[in-house]
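Please open the structure in your viewer and keep the selection tool at hand. The tour below moves from one selection to the next and says what is found at each stop.

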Amino acid sequence: VPLPAETVAALAAAAGLDIEPGRLEEVGAALEAVLGDVDRLRELDLEDVEPLVPPAG
Amino acid sequence: VSDPADLTIAAAREQMAAGRLSAAELVESVLARVEARGGALHAYLYVDAEGARRQARRPGDGPLAGIPLCVKDVIDVAGMPTTAGAAGWSRRPAADAPVVARLRRAGAVIVGKGHTNEFAYGIDGRNPHHGDAANPHDPARLTGGSTSGPAAATAAGLALGGVGTDTSGSLRVPASLCGVAALRPALGALPRTGVVPLAWSYDAVGPVARSVADAALLLDVMRGEPVEDDVPGAAGRPLDGLRIGLVEDLVAARCEPYVAAGVDRALTVLRELGVEVAPAHFELLHRAGAVHRVVQMSEAASIHGPWFAEQAARYAPDVRERLEAGHLIPARAYLDAQRARRLVVDELRAVMEAERLDALAAPTTPAVAPPRDAEEIEVAGRMVPLRAALQSLTVPLTESGGPVLALPIGTHDGLPFGLQLAGRHGGEPRLLAIGAAYEGATAAGA
């Protein structure tokens with residue numbers, strides 16, 4: 001289900017982004033694609049897995 | 001080789017040591033090539049001819065004395081603008097990036113700043129603000145990117161080598177399409193200070209060169225210490241005792257048949273040199289693309305945040321769209337992608353350990369350089385969007401953060417393509433030794 005333009009507009013506003021109404025659909029499609037990636041990654045067993053972000057020091 | 005601009009760094013050093021060539025002659029030869037082909041190839045965004053001549057008059061006696069290099073325009077060179085290939089964004093650095101400072105201390109002559117995709121956020125060598133780079137083997141073809149300028153310059157004699165960056169394949173893809181060697185060192189092996197970032201989890205600085213031996217020398221200098229050769233097979237064949245895992249999932253159905261055949265031929269040469277080649281299979285490597293996309297888009301959005309808020313309209317449309325979507329990725333999604341990345345990396349390391357592999361092998365690009373106007377390319381009978389296709393084989397081998405060497409292994413219709421060898425952390429010397437042995441064997445007509 002494509003992200004509705006209103007949802008993208010609300011997310012953009014919360015992020016401080018100014019996206020013209022005519023471009024909400026294309027940005028929504030790009031976001032949709034990447035969130036689909038995330039959903040597929042969450043099919044993995046991530047329990048007890050720490051993110052691969054280098055620790056301080 | 002009659003024109004000094006066509007020499008490898010090693011050959012130029014030899015000629016200069018023998019008194020048959022001076023640094024000034026070498027630099028003039030390269031500048032003449034820049035004059036003749038620079039406009040058509042668009043390899044440079046900035047050339048400092050007078051500065052190059054000045055440096056060549058006092059080259060010193062370092063290991064790169066008088067060697068002309070092209071530095072990607074996301075890396076600071078004092079006295080030259082850093083534009084990152086952007087429209088309107090630029091800085092005038094007072095100091096060289098540390099990797100550049102080390103090259104200069106070794107006597108290298110910086111000819112200028114090499115072409116790049118905007119903010120290095122592209123894989124094709126296109127740039128709507130400054131014009132596209134053109135492939136020296138066929139100017140109607142793409143160079144690949146984003147280290148488009150240094151790769152094209154090195155291939156065409158507009159420099160004897162170069163320095164670039166690699167986040168998703170930005171050193172390796174243009175190296176493959178332009179027919180030169182490049183090394184993505186392990187994360188942290190070279191300092192990133194003075195380099196415009198794109199994604200902290202992946203950004204690496206590395207050399208581009210006409211030979212693996214030249215790439216090794218550039219790496220030595222940029223590290224500030226020599227890379228020791230640690231190949232065990234001193235007795236017998238040059239690479240006896242080494243094992244390479246062929247990542248079969250990145251060959252079958254992921255590249256054109258002529259590329260797969262080229263990889264097969266290259267592995268035959270390596271076997272003759274003593275390497276044992278085994279298939280390497282992974283359950284999670286196909287997740288690497290998704291991991292990479294989420295992490296890169298999130299980090300790039302964070303890096304570009306302040307400038308983007310002011311100047312979004314000045315970005316190229318495709319870069320702008322990726323940055324906007326990146327701004328909207330939830331923090332939890334980013335962290336879950338980094339958790340999945342740990343699984344991918346753990347598996348990569350575990351398989352290399354269990355199979356006692358010194359390196360993984362895969363093609364660098366699925367095909368030769370596409371036409372400059374291509375939006376998609378054919379890969380094993382399917383049409384694939386250009387960006388996805390060009391980085392499809394480099395992204396999986398980027399995830400571990402270990403070093404990856406790209407070297408040319410063949411041509412198709414006169415256009416080059418290459419092989420990647422991915423090693424363990426600290427495995428640069430072994431990769432470079434394998435690559436140099438391969439080059440030596442093939443140059444001798446193997």
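A residue is called buried here when its relative accessible area is under 20%. The model is a predicted one, and that should be kept in mind at every stop.

**The whole of chain B**

Begin by selecting chain B as a whole, whose secondary structure comes to 14 helices and 13 strands. Its C-alpha trace spans about 60 × 55 × 40 Å along the principal axes. For 446 residues a compact globule would have a radius of gyration near 22 Å, and the 20 Å of chain B agrees with this. Of these 446 residues, 63% count as buried. If you look at the contacts in chain B with a separation of 6 or more, 77% of them come from residues 24 or more positions apart.

**The sheet**

Now colour the strands of chain B and follow the open sheet of 11 strands, which has mixed pairing and the order β1-β3-β2-β4-β6-β5-β12-β13-β9-β7-β8. The edges are formed by β1 (44-47) and β8 (276-280) of chain B, each of which has a single partner strand, so one side of each is left without a neighbour in the sheet. On average, and with direction ignored, neighbouring strands of this sheet are turned by 30° against each other.

Next select helix α2 of chain B, residues 23-41, which packs on the sheet and touches β1, β2 and β3 (109-114) of chain B. The direction of this helix makes about 20° with that of β3(B).

**Strand β6 and its partners**

Select residues 204-209 of chain B, which form strand β6; 6 of its 6 residues are buried, so the strand is largely enclosed by the rest of the structure. Strand β4 of chain B, residues 161-166, pairs with β6(B) in the antiparallel sense over 6 bridges, and D166(B) stands opposite A204(B) in β6(B). Strand β5 of chain B, residues 181-184, also runs antiparallel to β6(B) and is joined to it by 2 bridges; here the bridge partner of A182(B) is V208(B).

From there, move to T167(B), which has its place in the loop between β4 and α6 (172-178) of chain B. T167(B) counts as buried, at 5% relative accessibility. Its side chain makes a polar contact with the side chain of D203(B), at 2.6 Å. Leaving aside residues up to four places away in sequence, T167(B) touches several others, among them R184(B), L198(B), H292(B) and T398(B).

**Strands β12 and β13, and a histidine**

Select residues 404-412 and 415-423 of chain B, which are strands β12 and β13; they run antiparallel and are joined by 8 bridges. Within this pair, G418(B) in β13(B) is the bridge partner of P408(B).

With these strands still displayed, add H137(B), which is found in the loop between β3 and α5 (148-156) of chain B. H137(B) is partly exposed, with a relative accessible area of 40%. The residues that H137(B) touches, not counting those up to four places away in sequence, include G179(B), G414(B), L415(B) and P416(B). A polar atom of its side chain lies 2.8 Å from the backbone oxygen of C178(B). You may also draw a line from H137(B) to A369(B), for the two are 232 residues apart in sequence and 9.2 Å apart in space, C-alpha to C-alpha.

**A buried aspartate**

Go next to D73(B), in the loop between β2 (68-72) and α4 (98-105) of chain B. Is D73(B) buried or exposed? With a relative accessible area of 1%, D73(B) is buried. Beyond residues up to four places away in sequence, D73(B) touches L45(B), T82(B), G85(B), K113(B) and T116(B), among others.

**Two helices to finish**

Select helix α11 of chain B, residues 331-354, whose 24 residues should span 34 Å at 1.5 Å a residue; the end C-alpha atoms are 35 Å apart, which agrees. Just after α11(B), R356(B) takes a positive phi of about 55°.

The last stop is helix α14 of chain B, residues 428-443, which has 16 residues and reaches 22 Å from its first C-alpha to its last, close to the 22 Å expected at 1.5 Å a residue. The buried residues of α14(B) include P429(B), L432(B), I434(B), Y438(B) and A441(B).

Technical notes:
Residues numbered from 1 in each chain as written. Chains lettered and ligands numbered in written order. Predicted model: local features only at pLDDT ≥ 70, side-chain atom pairs only at ≥ 80, totals over all residues. Heavy atoms only, no water. Helix = DSSP H or I, 4+ residues; strand = E, 2+ residues; numbered from the N terminus. Buried < 20%, exposed > 50% of the residue type's maximum accessible area, 1.4 Å probe, protein only. Contact = heavy atoms within 4.5 Å. Pairing = 2+ DSSP bridges. Axes fitted to C-alpha atoms, helices over the stretch in contact; angles between N-to-C directions. Polar contact = N/O pair within 3.5 Å; in protein donor to acceptor, adjacent residues only side chain to side chain. Expected span 1.5 Å × (residues − 1). Rg over C-alpha atoms; globule rule 2.2 N^0.38 Å.
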